[in-house]
Amino acid sequence: MTGQSLIRNFSIIAHIDHGKSTLADRILEVTNTVSGRDITEQMLDTMDLERERGITIKAQAARVLHQASDGRTYMLHLIDTPGHVDFSYEVSRSLAACEGALLVVDAAQGIQAQTLANTYLAIDNNLEIVPVLNKIDLPAAEPDRVAEEVSELFGLDPGDVLRVSAKTGEGVREVLDAIVSRIPPPSGDPDAPGRAVIFDSIYDQYRGVIAYVRVVDGSFRKGEAIRAMAMGTKVEIEEVGIFSPDMLPADTLSAGEVGYIITGIKTVRDLRVGDTLTSGFSPAVKALPGYREAKPMVFCGLFPIDGDDYPVLRDALDKLKLNDASLNFEPETSRALGFGFRTGFLGLLHMDIVRERLEREYGLDLLATVPNVEYRIVRTDGSEITVRSPADMPDPGEIELVREPYVRASILLPGDFVGAVMEVCQERRGEFEDMQYLSSNRVQLRYLLPLSEIVLEFFDMLKSRTRGYASLDYEMSDYRESDLIKLDILIAGDPVDALSLIVHRDKAYYRGKGMVERLRKEIPRQLFEVAIQAAIGKKVVARETIPAKRKDVLAKCYGGDITRKRKLIERQKEGKKRMKQVGNVEIPQKAFLAVLDIDKK
Amino acid sequence: MSTDNDTDGAMDRPGAVKHLYVHLPFCRSRCDYCDFFSLAGRMDRAPAYVEAVLEEAADYGEALDGLETIYLGGGTPTMLDGGLLGKMLRRLTGRASAGAEITAEANPATVDSGMAQALSAAGVNRVSLGVQSFDGRLRRNLGRSGDPAAAGAAAANLRQAGMDNIGLDLIFGIPGQSIQDLQRDLERALALEPEHVSCYELTVKEGSPYQRRWRKELEETGSLGDRFYQQLVEYLEREGFYWYETSNFARPGRECRHNTACWEGKDFIGLGAGAWSTVGLDRWRNSEDLGFREGSRHSERLTLRQKTEERLILGLRQAKGVIYDDVAEIINAGEQRRLQENGFLSAEGGRISLTRRGRLVANESCARLLQEQAKPAPAPYGPPGYGRTDT
């Protein structure tokens, strides 16, 4: 056990690709936590997906020992957090487990919206900020300019801004020294009833749920009965330990320390991120602040391409849910797509990740419908319902009003692009709130935007209009009344439920037209002429026709050709498997995502 | 049917095969669009090659006795000199049954009266002339040398030599070809009074230099594909030809018996470089090499299902279709009904066949018919709360 004065807990705030994981790797290396030959890229990102995409999805932690210039050995706990807006709640909990944060900024690119938002979050949590410019070895690096920007933004002394190259290792020791000298030690009460905040929890099929915790007060030991204060879960500790960075069992976890607690619990739902663990015998009176339930923000239908895979999908979702308390799903039936699940996610990245994991880890072929947000509808009889799927939208006659979620968005961009970005926000029904110059050429725009407008490639558009320089962050605001209607797509006269959309009335025509044009290109010619219509209620607002396929036959078919031709027709046959048969019409999977691209033109 | 003993697995040693193909891979020059194995020039190698073919035939022994059809393809079989061709044919036809159909493909430019006489003397009773087009411009676009008028002379020489079964091969969909151009080709073909006409749509290999060179024109003619077909089917039928296979038209009784046998799934042996053979469920191919005897064979064994699929695919290219019971077990009943209801497929007298409209979309029709039957959903399927044990 180390006295709290020799402990420092910190996390790293960085924009994607600004070098957070590389710096973490370097810290592990410099402190000999991991020997050189065991170093792999992105040590702390253990999922294949994380390494491939260069992102962190689950929080990780590591304990490193650092001998500081005062000759004493300090115990540093690094908590590596996800960086994406979808996971901002997880970030907030990781920050809550620390006394300080390294703010890592690419010395060439400067600060980005996500980083800005997370840094403010850290400041709000009273964390000491240690600014670090990374990639100073790059030719395009402008450390002086970026240092000035960073110090101006957060009221720091430019002289305190550290300069490193995580790639070469330059400056990494100085970072460790700064962690020791600038970040305060933990200040919990070692003798009070135990309290620990769960900053992540993962499910391990052999060991059950492993809670990643920061002990604030008291201590926790094996065999002790504990309670999760928000969920009320009562359980006995099977093992406690630290991250070195692999899990290493220990006798106790004491105030100020970061480590893990293993219980036999089978789902992360019972030990949720943000919840407070306390002793079962002498529980603390008050939970640590900040717990809230992670709520899904966007929803889409997930359908197995092969209907036989429905049970596989169900089991796979059940398994992922063990490890993902924010994943939420319920059975959904589509006339077009069969049986599947309406699935809720924290955001689009989360959705993407879940879908990819389902396909990759469970061998599923999935069709995801266009994502939408959750609407609140007041009916003419005064009752209020929540709608997560266009299919559940009542008839227009039964609707008194529709409310949709709004977010408060912060966009950071170079001044030159303000006009272009304001235009994008305007198109997206945004309400301007304010504009602020963070530095001479760095502007923060704040808009109130319907979440639904951000869900569909808003970010891509933002990037393309600013040549990649804009960054975006947002937080939930409230629900507001909007003139929203359901747009149906009819193929060969039949409405295809999986293609329905909830859209703003002013955009219905434009969207409908875009959808049918796009579908005309995506749906191959069939044996029959196929009409594609967009309709609001009974009123058709756009129409396209796919002419019939009139010729599809091979010229020659003799002796040796036969195998080849048979294979060709087999391929044609197999191709149909990836189509969904709706009535007489075969619709390729990607057509169901056609709507996603409409605004890209 | 000769393949009815497929299932006993004893087909590795061919029994009596009635149909023989001989590949003669010599050409004056290579045509850009052709993907058969052939070599330009190299006629010095022809005698040794013929020897190799005859040796291969000898290897099959009695299996080749009583042949009903022999088909010399290429390449350009008539690039060989008459004497050599005659020698080879006499050795092969000696094993044919009386009344066998003996076809030689020929490049019109090579059929002078001497060649015509030689073919006739060697027992060839059917000649298929590779005309491709009578239009000089379109021939150039095909990369095809030779005088368009040669076809007329060749036909006359063949008639002179007593040939009473002449087929003309045309290509349509040539870069730069219009519907009117096709009509003129058809008329000039019929002026030669052929017994048989084959019309092949030009097939260009994806990514080939030819495709790159003619991309725009090929897109244009490609978009006219169905109109070309309508035009030629209408015209040739009006002129008394029977559209017996997707690309083949014949005066009544003059269908090519050799090819028909292939399409009916009968066994055949191919001799020579790159030649395919199919006996029962076995299919193999000689190496594409003049020294094919030393090269390694590619071989595969079909499953019964694949064999049946081929029966369907090939059967539906023919006007007479296919015996329903032969293919019933692999057909998707729902798709069959849908195709029938919409006028693409007809079922009559124990056979199914594609209608005129259906024949132009034979691939799509087959792909649909071959769809696996949708399995009925298991009873406890479906929403909400199916099979869920947790809350």
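Chain B comes out of this predicted model with a mean pLDDT of 89, and 92% of its residues reach 70 or more. Among the elements of chain B, strand E10 (residues 248–250) has the highest mean pLDDT, at 98, while strand E3 (residues 39–40) has the lowest, at 86. Two stretches of chain B fare worse. Over residues 1–14 pLDDT stays under 50, and the model has 27 contacts beyond four places in sequence for them. Residues 376–391 of chain B also stay under 50, this time with 24 such contacts. For the complex, the predictor gives an ipTM of 0.84 and a pTM of 0.67.

On to the interface. Here 42 residues of chain A are in contact with 54 residues of chain B. The two chains bury about 4500 Å² between them, with 54% of that area on carbon and sulfur atoms. On the chain A side, 16% of the area buried against chain B is supplied by A:Leu527, A:Tyr558 and A:Arg566, more than any other three residues.

As for polar chemistry, 17 residue pairs are in polar contact between chain A and chain B, counting pairs with both residues at pLDDT 80 or more. The rule also picks up 7 salt bridges across the interface; A:Lys576 and B:Glu364 meet in a salt bridge, N to O at 2.6 Å. Helix H7 (310–322), strands E18 (328–334) and E19 (338–345), and helix H13 (561–577) of chain A each supply at least two residues of the side that touches chain B. H13(A) provides the largest share, 11 residues. By type, that side of chain A divides into 16 nonpolar, 16 charged and 10 polar residues.

Methods: Residues are numbered from 1 along each chain as its sequence is written. Chains are lettered from A and ligands numbered from 1 in the order in which they are written. This is a predicted model: local features need pLDDT of at least 70, side-chain atom pairs count only at pLDDT 80 or more; totals for chains, interfaces and linings use all residues. Side-chain values use heavy atoms; hydrogens and water are left out. Contact means heavy atoms within 4.5 Å. Buried area is the accessible area (1.4 Å probe) that two parts lose on being put together, summed over both. A salt bridge is a side-chain nitrogen of Lys or Arg within 4 Å of a carboxyl oxygen of Asp or Glu. A polar contact is a pair of N or O atoms within 3.5 Å; within protein, one must be able to donate a hydrogen and the other to accept it, and residues adjacent in sequence count only if both atoms are side-chain atoms. Helices (H or I, at least four residues) and strands (E, at least two) are DSSP runs, numbered from the N terminus. Ala, Val, Leu, Ile, Met, Phe, Trp, Tyr, Cys and Pro count as nonpolar, Asp, Glu, Lys and Arg as charged, and the others, Gly among them, as polar. pLDDT is the predictor's confidence in each residue, from 0 to 100.
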